[in-house]
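Dear colleague,

Please find below the structure that I am handing over to you. My account of what was found in it follows directly after.

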Number of protein chains: 2
Amino acid sequence: MAKVVVVGAGMMGSALCVPLADAGHDVRLVGTHLDDAIIRELRTTRVHPKLRYELPRAVRSYPLTELAEAMEGVDVLGLGVSSAGVRWAAQQLRPFVHAEMPIIMITKGLAFDGRDLRVLPDVLSDELFGPGHTGIEPTAVAGPCIAGELARRVETASVLTGRSRPALERLGELVRTDYYHPRLSSDVVGVEVCAALKNAYALGVALAWGLNERRCGSPGSIAMHNTEAALFAQALIEMRRVVEHCGGDPESVARLPGAGDLYVTCNAGRTGQFGRLLGLGLGRDEAIARMRGATLESLEILQVMRAATTDARGQLAARDLPLLSHLAEVALDDLPVQLPFDRFF
Amino acid sequence: MAKVVVVGAGMMGSALCVPLADAGHDVRLVGTHLDDAIIRELRTTRVHPKLRYELPRAVRSYPLTELAEAMEGVDVLGLGVSSAGVRWAAQQLRPFVHAEMPIIMITKGLAFDGRDLRVLPDVLSDELFGPGHTGIEPTAVAGPCIAGELARRVETASVLTGRSRPALERLGELVRTDYYHPRLSSDVVGVEVCAALKNAYALGVALAWGLNERRCGSPGSIAMHNTEAALFAQALIEMRRVVEHCGGDPESVARLPGAGDLYVTCNAGRTGQFGRLLGLGLGRDEAIARMRGATLESLEILQVMRAATTDARGQLAARDLPLLSHLAEVALDDLPVQLPFDRFF
């Protein structure tokens with residue numbers, strides 16, 4: 001049994017507590033200052049208001065003010081804050097972590113530092129320990145995984161990635177249950193690039209749902225699945241280009257981290273709904289308003305990728321990513337949807 | 001304008017007539033002896049009873065008895081019979097074809113000759129011209145393409161594959177319209193192996209729909225998409241193994257022919273419904289009965305692959321394809337669904 005602290009009581013961090021508790025660990029879920037209402041609800045009813053599901057009794061909840069108490073005797077730290085909150089979280093956690101502590105990054109995203117695209121486990125490591133850190137590098141848990149399904153113990157195979165094989169294997173054993181099957185990968189860059197980009201590309205596939213409704217089609221077996229499939233395939237081609245640019249393993253794109261995670265993200269949730277609204281022809285502001293404050297990771301990653309592909313020094317050009325570039329035009333610049341099929345494949 | 005004859009008035013052959021007619025060609029659709037009712041209906045109302053949609057006026061329909069008349073002056077031949085009908089079709093067509101006639105194979109499947117897995121364009125070429133043929137080899141049109149959507153002019157990007165680049169480019173121009181975007185590939189083996197296997201693997205992904213209903217889940221954003229995604233990724237891994245075994249290009253698996261076609265097949269149609277019934281726990285015979293005589297390509301390809309992976313001389317072993325092997329156990333041997341996650345990835 002390990003003492004595991006998860007910081008960030010959003011959907012994915014909270015859902016990961018379920019297999020951790022089922023595997024017999026002492027699990028402590030710490031909310032950020034944005035999670036106070038969630039923690040209050042969990043302490044009263046154990047029902048997570050966003051997951052709409054009861055967490056196991058073994059998961060104890062703490063507000064941020066009780067971080068120090070929660071971190072007492074911690075063996076493993078999970079970080080599930082928003083991608084914008086990684087630096088903030090590092091500041092909060094620095095007093096409690098040490099160089100040999102296993103850390104699992106749950107937050108997904110990419111950062112552009114003006115020269116390179118960087119994956120968040122590496123950003124976190126720099127923030128916690130400074131560049132040149134020689135201890136255990138943070139691992140990360142990626143998709144394919146819908147949080148609401150993991151919380152309900154749906155059979156799930158997720159990628160766990162890290163550069164230290166022994167650390168990875170220990171963490172894999174830590175989280176494994178009869179319904180949660182971690183798949184180990186040493187390709188941190190490839191896995192994390194896929195996990196970040198899938199939100200942008202799932203938005204792209206979902207445009208076809210809205211386009212179908214716009215032409216008075218209904219969902220069902222005859223819709224615009226052909227168009228979705230073309231967008232799906234183009235997404236994998238472009239994800240591969242970015243993975244290769246960042247030095248990751250292109251093979252990850254055709255497997256669980258890329259195709260698997262994109263598949264699941266296309267089939268559920270807020271990214272798809274947002275894409276559908278844009279495909280329907282709503283302007284970006286109206287589409288965002290209709291999402292009622294839901295976190296739109298797709299917008300974050302489109303902004304990062306726009307910065308990375310327009311930088312004069314970058315070798316990653318927007319013209320090599322025609323679908324991603326068009327998604328940025330639609331979701332950031334409010335241009336109408338006009339799929340550039342002649343620039344695909 | 002070309003004179004194009006499509007033999008086989010099933011869904012895909014008939015749907016392909018739509019872009020051909022829209023591109024301005026003289027299109028003649030010839031039914032097999034199994035298509036007499038379809039041809040009668042087309043001649044009366046122009047509505048294809050399986051597509052439930054009206055074909056363009058430029059598509060003329062012929063029963064098999066009028067094959068000779070339809071073939072008069074033919075420039076390009078399309079073959080859209082069932083995979084079991086390829087040899088029969090070759091016998092019918094042999095008097096009318098010559099070595100330089102461009103042929104587009106629409107039928108999908110693999111054949112096992114007791115030693116090798118063979119793609120159908122090569123089987124057709126042997127049947128028409130004998131082994132060692134030096135004329136134009138048949139090309140093939142593959143997915144991702146739901147016939148009912150193509151007939152309704154949904155924007156579609158499909159793979160057109162052939163070994164002769166000039167022939168391929170001519171055919172690409174022939175079928176291109178503003179909504180139908182052929183993507184050219186010289187990887188005949190990789191494309192055709194993916195196109196055949198996707199029916200088996202889409203059945204596998206759809207098992208999770210039935211498993212979800214069995215645990216009283218409803219379709220929606222929280223279902224068993226995590227399980228589906230794991231099956232989808234495992235499918236791509238196994239498709240790659242078969243493509244490599246057959247000498248195709250593994251890159252095709254991560255693109256339109258593999259991931260794109262599997263995506264579209266998972267999202268629609270009878271293969272998914274059949275998989276759902278098996279996932280629900282129905283026995284194979286009951287599941288087949290519920291499909292009311294629909295052609296189940298998934299059963300055909302599972303039988304071919306079982307023969308190819310159990311042959312003592314084969315280097316393709318069933319143990320390297322754990323998902324496919326389990327699908328054969330469920331759909332051919334009537335064993336219960338028990339996903340072998342520990343043998344995946």
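Two strands are said to pair if DSSP finds at least two bridges between them. With that in mind, please note that this is a predicted model, and turn to the sheet in chain B.

The sheet of chain B is open and has eight strands, in the order 5-2-1-6-7-10-11-12, with mixed pairing. Its edges are formed by strand 5 (59-62) and strand 12 (180-185) of chain B; each has a single partner strand, so one side of each is left without a neighbour in the sheet. On average, and with direction ignored, neighbouring strands of this sheet are turned by 25 degrees against each other.

Within this sheet, strand 6 (residues 76-79) and strand 7 (residues 103-105) of chain B pair in the parallel sense over three bridges. B:Gly78 stands opposite B:Ile104, a residue of strand 7 of chain B. Helix 5 (residues 120-129) of chain B lies across strand 6, strand 7 and strand 10 (139-141) of that chain, and runs at about 135 degrees to strand 7 of chain B.

In chain A, strand 1 (residues 3-7) and strand 2 pair in the parallel sense over five bridges, with A:Val4 opposite A:Val27 of strand 2. Is strand 2 (residues 26-30) of chain A mostly covered or mostly uncovered? Strand 2 of chain A is mostly covered, as five of its five residues are buried. A:Asp26, A:Arg28 and A:Val30 point one way from the strand, while A:Val27 and A:Leu29 point the other way.

Next comes the nonpolar core. In soluble globular proteins, nonpolar side chains tend to be buried together. The largest nonpolar core here holds 142 residues, and those touching the most other members are A:Tyr201, A:Phe232, A:Met305, B:Tyr201, B:Phe232 and B:Met305. Among the residues that A:Met305 touches are A:Leu110, A:Val242 and A:Leu324.

Finally, how are the two chains arranged? A turn of 180 degrees and a shift of 0.0 Å along the axis lay chain B on chain A with an RMSD of 0.0 Å. The two copies are therefore related as by a two-fold rotation axis. In chain B, the C-alpha nearest the axis belongs to B:Ala254, 2.6 Å from it.

Between the chains, 47 residues of chain B are in contact with 47 residues of chain A. The area buried between them is about 3,900 Å², of which carbon and sulfur atoms give 62%. On the side of chain B, B:Asn226, B:Tyr263 and B:Phe345 lose the most area to chain A, together 19% of what that side buries.

Yours sincerely

Methods
Residues are numbered from 1 along each chain as its sequence is written. Chains are lettered from A and ligands numbered from 1 in the order in which they are written. This is a predicted model: local features need pLDDT of at least 70, side-chain atom pairs count only at pLDDT 80 or more; totals for chains, interfaces and linings use all residues. Side-chain values use heavy atoms; hydrogens and water are left out. Helices (H or I, at least four residues) and strands (E, at least two) are DSSP runs, numbered from the N terminus. Axes are lines fitted to C-alpha atoms, for helices over the stretch in contact, and angles run from 0 to 180 degrees between N-to-C directions. Contact means heavy atoms within 4.5 Å. Copies are superposed by least squares on the C-alpha atoms of residues with pLDDT of at least 70 in both. A nonpolar core is a set of buried Ala, Val, Leu, Ile, Met, Phe, Trp, Tyr and Cys residues joined through side-chain atoms within 4.5 Å. Buried means under 20% relative accessible area, exposed over 50%, partly exposed in between (1.4 Å probe, protein chains only). Buried area is the accessible area (1.4 Å probe) that two parts lose on being put together, summed over both. Lists of a residue's contacts leave out its neighbours within four places in sequence.
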